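Trainee: I'd like a close look at how the pieces of this one pack against each other. Please take me through the packing slowly, then point out any odd spots in the backbone.

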Amino acid sequence: MLIRRLGLRTRPRLRQFLPNPTAVCTLVGYGGGAPSALRRHHKFPSPMRVPDTIRINDLTLIAKFKDGTQWSTPALQLVKLSLSIAYDIRTSGELDDLGYTLNYASIVNTLTESSEAGTFGSLEALTDLVFRQCFETYPQIQSLSVKATKPKALLRGKSVSLHVSRSRNSPLDVQESFSFEDIEFPVLIGVNPEERTTKQVIRMNLTLFGRASFAPFDYRLLAEQIHEHGDSSSFLTVEAYITKLAQTLLVKNRERWTSVNVRVAKPHALALADSAEIEITRYLSGYSSLSIADVTRARRNSHLAQLISATQPPRDEKPPSSHTVAIAFGSNLGDRFANIELALRLLESPGQFLDAGDDINQKDAEVAIIDTSFLYETTPMYVTDQPSFVNGACLVETNLLPVTLLQVLKRIEAHVGRVPSFRNGPRAIDLDIILYDDDVIDTRPPDSRTHLENLENQLIVPHPRVSEREFVLRPLNDIVPEYIMPTFKRPIKQLLDNLIDTPRAGIAPMRRVIPFPRYPLLNSSSGPKGSIPSTAAYWTLTSAGESIGKTYIMATLNATPDSFSDGSTNNELPAALEYTSQSIAAGADIIDVGGCSTRPHAKHVETDEEIRRVVPVIKGIRGADDSTLISIDTFRPKVAKAAVLAGANCINDVHGFTGPEHPLTEVCAHHFLEMRKIARDLAVPVVLMHSRGEASANKEYGYYSYAGEGKGQDVVEGVRVELGERVDAAVRGRGGLRRWLVIVDPGIGFSKTVEGNLALLKRASSLTAGEDSNVLAGFPQLIGASKKSFLGTILGSRVDSHPGRTTTPGERGWATAAAVSCVVQQRVAIVRVHDVPEMGDVVHVADSLNDF
């Protein structure tokens, strides 16, 4: 109303300058008291003072940027910088004295010098520098708006701009928007015959408004999303095109942007006018009923994900999988984990479970798993006198219709070993369709829908008992927490929170679990069904904040002659077996066998030599004790496969599946896909560690300075983002790993300074905390700080009363104990150590303190 009275258009581009009525008056030129109409409408106190404004418009800067990707070579780029400073100039105006105002020439010099001296990872980093320089150098400035424009940033657009407003006293109260000016590209759009066969150029301007994330925004990726939307366009009207575009942009980037203003012009639409144009503003909150397909597709399109997409071969041509389905599963009879793995593999081969009378040919049927939850061990509901269940959920893309998919699921259940039983009784496998697109389905006769006692062989979607079943809601919350479930009209996360907040006597907490398969396979049919491995053991994980739990111990067995920690102590088979026996007796839960040293400048080891070192050790351990869990510490696909087939139960990869090359390239993507396929085919847990090539190199994390000024905040954020890329690419999409088989490792001692390593240890729990915005949220974490060189650096420094001393790795036991105790207090799942008897004592006492 206020803006309308002033005769202004209510454009979001203007509103970003208008956080309050004061700013309105500033923009429209009122340097003194507000007009009476304004005072009456807003009940301003009278008299009223509105700050004046000092502006610096289009300051030209030449700055170095490295924002192609975070690893690109810095390049000089042109930037236009505009500042809008709220400042009272009355005294200066009355006295005609520069001493009572801001010297804008001095501000220009300050910003020019500081921008020329730095290298920036993003426009956000540049604007952050501007705010810091202005607030630190000019204490008179209390609030500031900065607009940074790159005129040459887009291949098919005039410019891209970031506009940020902050105040000195409220540094987190940030208003932010990104604007794209005059993007031009051809699309197929229009109602006339020639417009249906020939693309025409449209001109687009848009502004996205968002939350204060302080994180770099990939505007080039958004430009690609705009172009992709245009390439696939076949709309008749600009109205439909622009409406769908607004929704797509907000949904795909919903973690950053809350609203969007879009203008689309057709320059050739009218013979006697320059163009016809449509402008709309849309809000993310207006899309409260996002489809499950939209929620699923809103994935993080990282640099690694783009490399993987570019290297993957095209899929076999089949009818499009146009349906997104959530399926819950559970098992409490037999080998529960093997039953689940078998059922999911059969699910992706649906043709064998179709009959000639079904609505799709066997060869055309497709079901692809695109995401999975964690696995949970749960106490049974309804009928409690039966074994505990293992429950989870998955998302699939399929071209099967609902009833056909239900028939396939029932046939898979029978194939796995489910037999008729009483209602809610034990079963080898249970597969339920929880969501099918956004449809509401009930196959029962209309006159039989008044109760829930007649569900046998019927399909009701969403499942009517979802809201009372934590064993369904919690797995779904791992995958699509924000999806608003039809009929319940609530997000899955809210349904789960409401259920947890409701008192439920006798209901034990659900616990995440990690199964370890049994290898080697004695023959092709040694598993419960076919080549699926049976389960050797499983671990129960402790969630942050729980009072009772266990920290698992991974013992480090270096089958190498040049290990940094123990040299050639255990590289011969008798010594390796002795170390294993002693470690297991002292409390080790898994033995990590490595045949290639990762210490800086270690001698190169060929793949065949690495296999020659580790396979005999693994076979020796397995021959001595069939129950000992073994991990293979390798980044090589052939070594990983040979080791698992020889008897290992887990893969520990210090390069997170991308190999030793750095920065990431297509070679890394090929390496990633090969490692992922091996791990998926073998159904083994994997440890994905953060590293950047050579352990002693690449320690710069300035790109992540937006995370805060605390010690090591940039390193913690860098690990969260970079390791998150690998985890996201590992578990999501076709061919992904089961979420419950992934363990994350921040890579202590790899490409981090001493300060960075300490920050990761001190804030270990924050890496896997939080909600959906943190890709690593909920994943079990392994920490390996044992005897690392950064501990030696700390011990060698003279601080206060500590004289400092030079230590060998073998002399860093007490220092390792301090690091282990720190992370155990934060409920990390696993610690990797060398000296199990001593560190086992540390873990035992620290766990007892946590449980007290």
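**Helix packing and a few backbone oddities**

Mentor: Let's start with the inventory: the protein chain has 25 helices and 28 strands (DSSP runs numbered from the N terminus, with H or I over at least four residues for a helix and E over at least two for a strand). Keep in mind that this is a predicted model, where local features need pLDDT of at least 70 and side-chain atom pairs count only at pLDDT 80 or more, while totals for chains, interfaces and linings use all residues. Residues are numbered from 1 along each chain as its sequence is written, and side-chain values use heavy atoms, with hydrogens and water left out.

Now the overall picture. Of the 852 residues in the protein chain, 53% are buried (under 20% relative accessible area; exposed is over 50%, partly exposed is in between, using a 1.4 Å probe and protein chains only). Take the contacts (heavy atoms within 4.5 Å) in the protein chain with a separation of 6 or more: 68% of them link residues 24 or more positions apart. The accessible surface of the chain comes to about 37300 Å², and carbon and sulfur atoms hold 52% of that (Shrake-Rupley method, 1.4 Å probe; for residues, only the protein chains shown count as cover).

On to the helix pairs. Two packed helices are described by the angle between their axes and the distance between the axes. Take α17 (residues 607-624) and α18 (residues 637-646): their axes come within 9 Å and cross at roughly 15° (lines fitted to C-alpha atoms, for helices over the stretch in contact, with angles from 0 to 180 degrees between N-to-C directions). So α17 and α18 are roughly parallel (under 35 degrees; over 145 is roughly antiparallel, 65 to 115 roughly perpendicular, the rest oblique). The crossing of α17 with α18 is right-handed (the near helix is turned clockwise from the far one by less than a right angle; anticlockwise would be left-handed). On the α17 side you'll find T607, E610, I611, V614, V615, I618 and K619, and they meet K638, V639, A642, A643 and A646 of α18. Sorted by class, that contact of α17 with α18 has 8 nonpolar, 1 polar and 3 charged residues (Ala, Val, Leu, Ile, Met, Phe, Trp, Tyr, Cys and Pro are nonpolar; Asp, Glu, Lys and Arg charged; the others, Gly among them, polar).

Next, rotate to α6 (residues 104-117) and α7 (residues 123-137), which pack at an angle of about 135° with axes 10 Å apart. That angle is why α6 and α7 count as oblique to each other. Their crossing is right-handed. I107, T110, L111, S114 and S115 from α6 meet L126, L129, V130, Q133, C134 and T137 from α7. The residues of the contact of α6 with α7 split into 6 nonpolar, 5 polar and no charged.

A third pair brings together α11 (residues 303-311) and α20 (residues 713-731), with axes that come within 8 Å and cross at roughly 40°. That makes α11 oblique to α20. H303, L304 and I308 of α11 make the contact with E725, R726 and A729 of α20. By class, the contact of α11 with α20 has 3 nonpolar, 1 polar and 2 charged residues.

While we're on helices, click on V238, which lies in α9 (residues 238-252). V238 counts as buried because its relative accessibility is 9%. Leaving out residues up to four places away in sequence, V238 touches I189, V264, K266 and I278. V238 and A276 are 38 residues apart in sequence, yet their C-alpha atoms are 9.6 Å apart in space.

Now the backbone, with two cis peptide bonds to check. One runs from Y519 to P520, with omega near 5°, and P520 lies in the loop between β19 (511-517) and β20 (535-540). Another joins H662 and P663, with omega about 0°; P663 is in the loop between β24 (650-653) and α19 (666-682).

Last stop, positive phi outside glycine. D437 has phi near 50° and is found in the loop between β14 (430-436) and β15 (441-442). With a relative accessible area of 15%, D437 is buried. R827 has phi near 65°, again a positive value in a residue other than glycine, and lies in the loop between α24 (813-824) and β28 (830-833). R827 counts as buried too, at 13% relative accessibility.
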